[in-house]
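Biologist: I'd like a close look at just one part of this protein, please. Let's go slowly.

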Amino acid sequence: MTALRVLGRCAYSASMLIVSGESRFYLEQAMDWLLTDGTGATVQSGKTTAAGLYLDRLTPDSEYFLTVGDADIRFSTLQCTKAIDPRDFGADPSAEDNQFAFQAAIDAVPAGGALIVPKGVFCSGPIFLKSHMTLHLSEGATLAAISSRDNWEILPARNGSGRVLGTWEGAPADSYAGFITAIDSEQLRITGKGTIDGGGDRGDWWSWPKETRNGARRPRTVFLAHCNSVVMAGVTVRNSPSWTVHPFHCVDTSFSNLSIQNPSESPNTDGLNPESCCRVDISAVHFSVGDDCIAIKSGKRLPDDNSHLAPTSDVTIAHCLMEYGHGAVVLGSEMSGNITNTRVEHCDFRRTDRGLRIKTRRGRGGQVSDVHLKNVVMDRVPTPFAINAHYFCDPDGHEEWVQSRALSPVNATTPKIKDITLENVTANNAATAGAALLGLPESPITGVSLTNYHVCFDGQASPAVPLMASDVEAVLGVPLLVEHATVTTDNFSTQTHEDTARC
């Protein structure tokens with residue numbers, strides 16, 4: 001049986017999901033699809049090998065009928081009050097910087113309207129979107145960040161009313177604005193088959209990963225702050241200066257049928273990092289990045305003011321492909337405001353350093369709980385599942401009070417991790433440990449359950465350290481590495497093959 005689901009709609013496109021059998025990011029077999037209009041006339045047709053299907057070049061305020069296999073669904077595109085062409089405001093692919101032309105075009109978009117970027121490469125400085133608009137990048141269109149940061153706007157750590165705008169690794173900090181920024185926007189859509197190029201491979205962004213320039217931290221490519229009801233679908237986002245897509249204190253955000261691509265050597269170029277957000281849906285997204293593919297965060301506790309902390313809750317990740325990142329799905333290490341109710345289903349993890357990864361340390365406080373991963377296949381992921389409560393992040397991360405395995409007093413800065421379930425997981429060509437869990441003696445990890453969890457170790461791999469904490473030895477082919485944690489298993493198995501093709 002096949003089922004269809006609408007992931008997101010705008011006036012000119014629709015983002016769909018095909019649920020068929022045990023399919024994950026890719027379908028078990030290619031499927032034909034047919035799109036007809038309200039009269040039954042064929043609009044588009046094709047064949048797809050992926051569970052995500054993005055339909056572009058649709059007509060606003062129109063009814064469509066999609067058929068895939070034995071399933072069909074009826075949907076309508078949204079209205080568009082007016083379509084704006086940035087070239088009417090002076091945008092030109094031959095221009096060195098189209099920032100002012102694009103900003104003028106955005107300002108001219110009426111509520112319910114769209115800015116349609118045509119085919120071509122448009123270089124620009126950072127631009128700011130607004131509520132009740134669509135930014136639609138046509139196929140073959142590229143918005144490319146300029147290499148110079150001389151006139152790049154800097155967001156202050158807090159605005160005049162004290163609310164956080166600029167942020168870096170979970171704490172308020174003056175930061176360069178995102179290449180695409182939206183603040184206090186609602187009913188915003190970023191769609192199309194075009195590309196947003198953050199320009200990280202140009203200029204000097206990647207040469208100062210943990211420093212500041214002009215007193216500011218590096219920008220994200222897409223930064224959504226204090227937004228409500230945002231849909232981002234179809235586009236490719238690449239070459240980010242730092243984190244690629246960063247929703248911050250947002251509610252009801254949807255990300256689907258995206259391609260997020262950064263070079264493997266690019267520093268801290270996480271793919272998609274929801275921070276202090278509620279109700280986030282990430283579906284049919286392909287990640288290949290220089291750091292974590294998805295990193296869920298909720299702010300970092302500071303010694304004085306923690307008014308920036310807020311929880312992240314109700315995150316759904318489904319039918320995604322994560323590859324070549326440090327971690328596939330990561331929670332923390334900035335998790336002081338709590339992370340609850342995260343669900344990961346029907347995904348593929350390939351060649352990431354770790355699969356599901358939870359990381360924190362003393363001094364963070366906060367809680368990670370109700371994390372559920374189901375129907376996931378991993379390949380060449382050295383450590384499929386890792387929880388580390390001694391993560392040696394920050395300048396003091398190696399100090400004795402952080403890394404000591406002796407009991408410490410429990411207080412508001414003590415993190416807690418509980419209720420983590422993994423079910424129907426196959427990890428092929430693993431290396432270090434089937435699961436590696438290192439808790440705090442004063443706050444052990446509780447409620448971890450592994451059901452139908454099968455690991456095949458690569459017999460030709462070399463020993464490696466499974467967790468980024470002090471005094472952790474390199475291991476090879478260990479089924480379970482557990483300290484200060486309780487784990488229950490049901491149908492848990494491991495094996496080792498010298499022939500990786502059989503693993």
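How do the residues of the lining of the largest pocket divide into nonpolar, polar and charged?

Modeller: Sure! Keep in mind that this is a predicted model, where local features need pLDDT of at least 70, side-chain atom pairs count only at pLDDT 80 or more, and totals for chains, interfaces and linings use all residues. Residues are numbered from 1 along each chain as its sequence is written, and side-chain values use heavy atoms, with hydrogens and water left out.

On to your question: the lining divides into ten nonpolar residues, three polar and 15 charged. Here Ala, Val, Leu, Ile, Met, Phe, Trp, Tyr, Cys and Pro count as nonpolar, Asp, Glu, Lys and Arg as charged, and the others, Gly among them, as polar.

The largest pocket has a volume of about 580 Å³. A pocket is an open set of points on a 1 Å grid over the protein atoms alone, where a 1.4 Å probe fits, with protein on both sides within 12 Å along at least five of seven lines; lining residues have an atom within 4 Å of a point. The volume is the space filled by probe spheres set on those points, which are joined across faces, edges and corners.

Of the 28 lining residues, Glu169, Lys210, Asn268, Glu334 and Tyr391 are the closest to the centre of the largest pocket. Two elements, β16 (171–172) and β34 (354–359), give two or more residues to this lining, and β34 gives the most, with three. Strands are DSSP runs (E, at least two residues), numbered from the N terminus.

For contrast, the second largest pocket has a volume of about 200 Å³, and its lining divides into five nonpolar, six polar and one charged.

Methods
Helices (H or I, at least four residues) and strands (E, at least two) are DSSP runs, numbered from the N terminus.
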